[in-house]
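User: I have a structure here and would like to know the reasoning behind the terms used for it. Could we go through it together?

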Amino acid sequence: MPRKAFIADLNQAVGGVFIAGISDVQVGGDDGEFTFRVKSTTNGGTLQLSALIPDLSEYPSSHTCMFFAPDNAPNKVAQALSDISELAAGKNIIQLLELVARKLESTDRDGDTQMLDSQDDFEPLNEDDDDDDDDGEEDFSGDEYFPDDDIVQKPTYGKPDSSNSTSYTQTTSAFRSRIRSDLLVAKSKGFKVGHLGSLMDGLGSYVSISCRISKLGISEEAMQAWQIEPSEYLILILHYSNGYKPMDSLRTYDGQTARRHIGMRIGISQTYKPTMQEAVRAFTVLSKDDEKRRDDSQGEFQETQNRGFRNSFISRPLNELLNERLITLIGYRYMGMPWSGAEDYYNDHYGTNIEHSDLMNDKYMETENVSTAFPPLVTADHIRESSVEQSHSFPLIAMQFVLRHFVRCTEFCLVCFCKMHDDLEAIKPYVCDKPLCLYQYMSLGFGPSIEHEIIAQPKVVDLLISFCYTSAKQGGLKDFPTGLSLMVPPTSTFENDVIQPQQPQTYVYPGQAPSIQPPPATNSTAGASEPGKMRFNIKQLEMIFDNPNQKCPFRTGDWIVIRTSDNPSRALHCRIAETTFFPTVKVSDPIMPGTFSDPGVPVSATPGQGKVSPTAGFTPANFYIYNQNFDELHEFYKRSSIYSLLDILPGVAEMKQYLIRKPQSGLNSWVDRLSPAALGLLRWIIASNRACIMQIEENDTTSKKVEERLYGMSGWMQFRFAMGAPDKERRFISSVRTTADRLKLKYPTLFAWHGSPLHNWHSIIREGLHYNYTAHGRAYGNGVYHSLDVNTSIGYCGYNYTATSPWPQSELKVSSALALNEIVNAPKEYVSSSPHLVVAQLEWIQTRYLFVKGSQMDAKLHEADVKPLQVHEQDPNMTPGGQNGKIIIPITAVARSRRPRSLSVKTGSKRIKASGKNISDPIILDADDDDTASVCTLDEDLVILCDDEDIPEPDPEPSVASGKGKGKATSFFSKLVGSQSKDSKSSKPLTDFVPGTLEHAKLPILDPPAWATTTATRRLQQDFKSLIKVQETEPMHELGWYIDPELVSNMYQWIVELHSFDPTLPLAKDMKSKGIKSIVMELRFGKDYPMSPPFVRVIRPRFLGFQQGGGGHVTAGGALCMELLTNNGWSAVSSIESVLLQVRMAMSSLEPKPARLEIGAPRDYSVGEAVDAYIRACNAHGWTVPAGFREMAYGGAPNQGPSYF
């Protein structure tokens, strides 16, 4: 147990440790705290330091530790303790004390200095002392010894031995040279390298290997689907908990031993390496629910922050692959196998004895065929390109393995990592056809978050459900959610209903008979049980059984279908709410299907959530339990079960409303509305979509996505649509360029329509466009059929004469769908070019748009047809026609690398480099070198690449000045961010705000707090420095906030002014009428920052309270009423810049009411009323107040009253 391990280690340290300069180790006053004395090299005296481990549940693997020094401690000690806190993660108490001794260069009574391996064997705890321990508890008395040939020996602890007083070993030049060599090799192959911690000292540390996304050859469509940007970095973090381990050592480990020494994590960031806090958090082991909450928290701030290290869409399965298999796979590589052979061998012999397996089988030695469309960076192989005898860089090998499974993720199953079928291309990764893989994919949460999809893209989710429903209803569905063990109602539940035939109208696809008849009833299809008898009171939601002695047929939480004798055609789906008082059983509100076969039964006013008219008394009824295993059903009944479950599924808007109302809960908490079977089916529909479908907003003409709308198809809903593997775009571009050069084409591509019946689209978005099956005959040859006339393709959709079955709860009510594809413009090389364009070369086709027509489409669709500002030039002779003449295609429909290069931006005589942030500023994906836009490597990472004799002396770090006053503030700021250039040019601001006019004497300036921590101080210094740099580079009227460095004498209190509000806002008008140029605010930080949020409040002017008709999220006491500023909404990766932006946006918000200033004489808010208002707001909304909030808010005086400051 972690706590027991901590207590055991602390008792051992209290009993006596022999570490130079360390003495008097004692148990502290708080849980997880201990104190000790350390000898000072400054004056020869001793200092009492304290250490605190905040979370003992993580001890001794991934915990953090904070150190505190007394007020009279020298500055050198305070600075050193800050570094020690960053290096302390995952170290036990003895290791922590030794780390402190070495970093402070402490000496013992004889003047000896503490170094690595300076102590002999540490006596293990007597295992017999605690006979009451559970068998399942781990023994933390000592580490198991694993021999290796490490250059640096591991430290041991215990009593000194005079005969072996010089047996310790420091980090040698050979050890540092090996680290330097491994990282230089990785850098020479095109990667950026970074480190955190004492890498060169042989202690626990982190190494990062990264590269820009734009170098990986991933299509823009794949980037959209994967939620990554070309300017971001893919990062591999290697955590060496016991010091750096070269490949020579790692090769001798088995998988379990390797995990003791190295851990790996994959993520995305806008800089090339994570911060120390981000690295520690990445390796913090959380429960499934906690990890989901952390991912959701990261997602909330991604739009405004998006700078910190975050998980990618595939991080979880890749992390498992790396930590479980990589070391073993590398061992197979050294036997001569390529990556593909090593992976096949692992999968074929998992759990078997390697001594009895055929290692030299030819199939494991065959060279893998990899697409030439991938950049060399992705296909490089360090092991293959160098001899086995050479020293190999493990960081480089690991990163190359990451690229193999990240860039080519759609080629592998996300669970077993076996290769997928070669003929199946998709833009999103999925699982293979093994039922166990599908089950693990769903249960382990590797799939997309359906909650996120419902909130972010509700119309896309509606579309996916509609496609699946129509495909099942009309008999076109061939793939099923097999392996999830969904328990559905038995088929006998619906045997008396008038079931519409599963029969595609007009056409069949793929190769079906014109009519699909129900199969003969068998044990697996006739139902798992006969219907039960009881009486049902629909008004009281109670069932009663006539035989009280019979066993209750179900448990609480089971789902059933009830059919009453007075209306047997009406199916009522309910959840068992209570069985305690059997033979009386309580059920939840019944759910009725959205449609009925019997025309005499009225359709519910709210489809899927039918409000049943209550009838007094108990009515005889039958019930059917959801106890039929879906996997055992015949395909006919599987389709019937799917559309029956979708009939009772809530509408997407209803699900979205529920998730917004309960942001901390998922759909699985809606137990009375969603059955497990329906929820599992919904997850499968969303997760199995392997295309990238992005909704294009039609109503918001101010959105940047309006520029993606195609002109000429009014009345149709538009979606950006992409299919195929991530490298499909590069293969398509290669085909375009090759054909254009060969045929001297002025217009390399053309656009054409492809239509297909609605029940085919569920398969199309999963399998892509192909011609493996005959859908409408092949009178003009084999290939994918297209047309330049939209009406021709609409005819193939079956529009206007094919009966469709829309999903009852759909807002779209889809009746037909069309795809607009981009094709290589070589009609003479098509299978046929008249009357249809029949293209057999699948590499020549790339989907671009999906158009959907519904029976109840929004009338605004007819008003949303706006010509794009930037247009893609088309071949005049091959321009497709739309509903309103020739269509006009926006330039965003084609890849950035094919857009005119004249889009580069010029400002005066200065040219700005491309950043890839918008369509006018692209980064060319196939450019040879994009390092000009790369983040510069930090000096701390350049130093480790230099030889020992070439390492420059580091600049002295600035010290934080204490006290207050303008003189000290100026000195402090100049040390922190440097002096501004005297000849810097000033431009005339486009605002009436005048910086530097606040009077220092009228502000509630605090002294630096006594509880200040070096970790928080250091982070605040970094944040302040970056914020001032932003302030110096951005125009003042665009930034909207200002910090006067002269007023900052205490890093834990910042004075900020918000200004330049939109003049049309009521707040801006009030400010103008009162002659107020800015909103003066302060930010107070606590000792736990950045893990806890700052306290943000308004100082002046006073706002109208909510009850007086005010708004802007400013409470009656001046505190901000925002979840962001509480433990529920705060994230350690949040920046103060993003906080200021969101506070300013909140004040500018007109919902629910606009912010207004108080009428009357101006007066300031006091901090006391702000504290009380903040706590009231948290209690009202159910938000968590940060620990130690009052102490932080009052600057170290927790008991002060409302009048304090």
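User: What is the volume of the largest cavity, and which residues are closest to its centre?

Analyst: Happy to start there. This is a predicted model, and its largest cavity has a volume of about 110 Å³. Of the 13 residues lining that cavity, Gly-1086, Lys-1087, Ala-1187, Gly-1188 and Met-1192 are the closest to the centre. The structure holds 10 cavities of 30 Å³ or more.

User: What makes such a space a cavity, and how does the lining of the largest one divide by class?

Analyst: A cavity is a set of points where a 1.4 Å probe fits but cannot get out. By class, the lining of the largest cavity has seven nonpolar, three polar and three charged residues.

User: Let's turn to the helices. Why is helix 18 called roughly perpendicular to helix 21?

Analyst: The axes of helix 18 (residues 458-473) and helix 21 (residues 676-687) cross at roughly 105 degrees, and they come within 10 Å. Angles of 65 to 115 degrees count as roughly perpendicular, so helix 18 is roughly perpendicular to helix 21. On the helix 18 side, the contact is made by Val-461, Leu-464, Ile-465 and Cys-468, and on the helix 21 side by Leu-682, Trp-684, Ile-685 and Ile-686.

User: How do the residues of the contact of helix 18 with helix 21 divide by class?

Analyst: They divide into eight nonpolar, no polar and no charged. Cys and Trp count as nonpolar, along with Val, Leu and Ile.

User: And what makes helix 27 oblique to helix 30?

Analyst: Here the axes of helix 27 (residues 1014-1033) and helix 30 (residues 1136-1148) come within 9 Å and cross at roughly 60 degrees. The roughly parallel class needs an angle under 35 degrees and the roughly perpendicular class runs from 65 to 115. With its value in neither range, helix 27 is therefore oblique to helix 30. Asp-1023, Leu-1027 and Val-1030 of helix 27 make the contact with Ile-1136, Glu-1137 and Leu-1140 of helix 30. The residues of this contact divide into four nonpolar, no polar and two charged.

User: Let's look at single residues. How do you know that Ala-398 is buried?

Analyst: Its relative accessible area is 0%, and buried means under 20%, so Ala-398 is buried. Ala-398 is found in helix 15 (residues 394-407). Leaving aside neighbours within four places in sequence, Ala-398 is in contact with Leu-236, Met-264 and Leu-326. The C-alpha atoms of Ala-398 and Leu-236 are separated by 8.2 Å, although the two residues are 162 apart along the chain.

User: Why is Lys-744 called exposed, and what stands out about its phi?

Analyst: Exposed means over 50% relative accessible area, and Lys-744 has 71%, so it is exposed. Lys-744 is found in the loop between helix 22 (728-743) and strand 19 (749-755). Its phi is positive, about 55 degrees, although Lys-744 is not a glycine. Most residues other than glycine have a negative phi. Ser-1060 also has a positive phi, near 55 degrees, in a residue other than glycine. Ser-1060 has its place in the loop between strand 29 (1053-1058) and helix 29 (1066-1074).

User: What makes Gly-885 and Leu-942 partly exposed?

Analyst: Partly exposed is the range between the 20% of buried and the 50% of exposed. Gly-885 has a relative accessible area of 37%, so it is partly exposed, and Leu-942, with 36%, is partly exposed too. Gly-885 is found in strand 25 (residues 885-886), and its C-alpha atom is separated by 8.8 Å from that of Met-713, 172 residues apart along the chain. Leu-942 is found in helix 25 (residues 939-943). The C-alpha atoms of Leu-942 and His-195 are separated by 9.9 Å, with the two residues 747 apart along the chain.

User: Which residues does a cis peptide bond join, and what is omega there?

Analyst: One cis peptide bond joins Ser-834 and Pro-835, with omega about 0 degrees. The peptide bond from Arg-1100 to Pro-1101 is cis as well, with omega near -5 degrees. Pro-835 lies in the loop between strand 21 (814-824) and strand 22 (837-839), while Pro-1101 lies in the loop between strand 31 (1095-1100) and helix 30.

Definitions and conventions: Residues are numbered from 1 along each chain as its sequence is written. This is a predicted model: local features need pLDDT of at least 70, side-chain atom pairs count only at pLDDT 80 or more; totals for chains, interfaces and linings use all residues. Side-chain values use heavy atoms; hydrogens and water are left out. On a 1 Å grid over the protein atoms alone, a cavity is a set of points where a 1.4 Å probe fits but cannot get out, and a pocket is an open set with protein on both sides within 12 Å along at least five of seven lines; lining residues have an atom within 4 Å of a point. Grid points are joined across faces, edges and corners, and a volume is the space filled by probe spheres set on the points. Axes are lines fitted to C-alpha atoms, for helices over the stretch in contact, and angles run from 0 to 180 degrees between N-to-C directions. Helices (H or I, at least four residues) and strands (E, at least two) are DSSP runs, numbered from the N terminus. Angles under 35 degrees count as roughly parallel, over 145 as roughly antiparallel, 65 to 115 as roughly perpendicular and the rest as oblique. Contact means heavy atoms within 4.5 Å. Buried means under 20% relative accessible area, exposed over 50%, partly exposed in between (1.4 Å probe, protein chains only).
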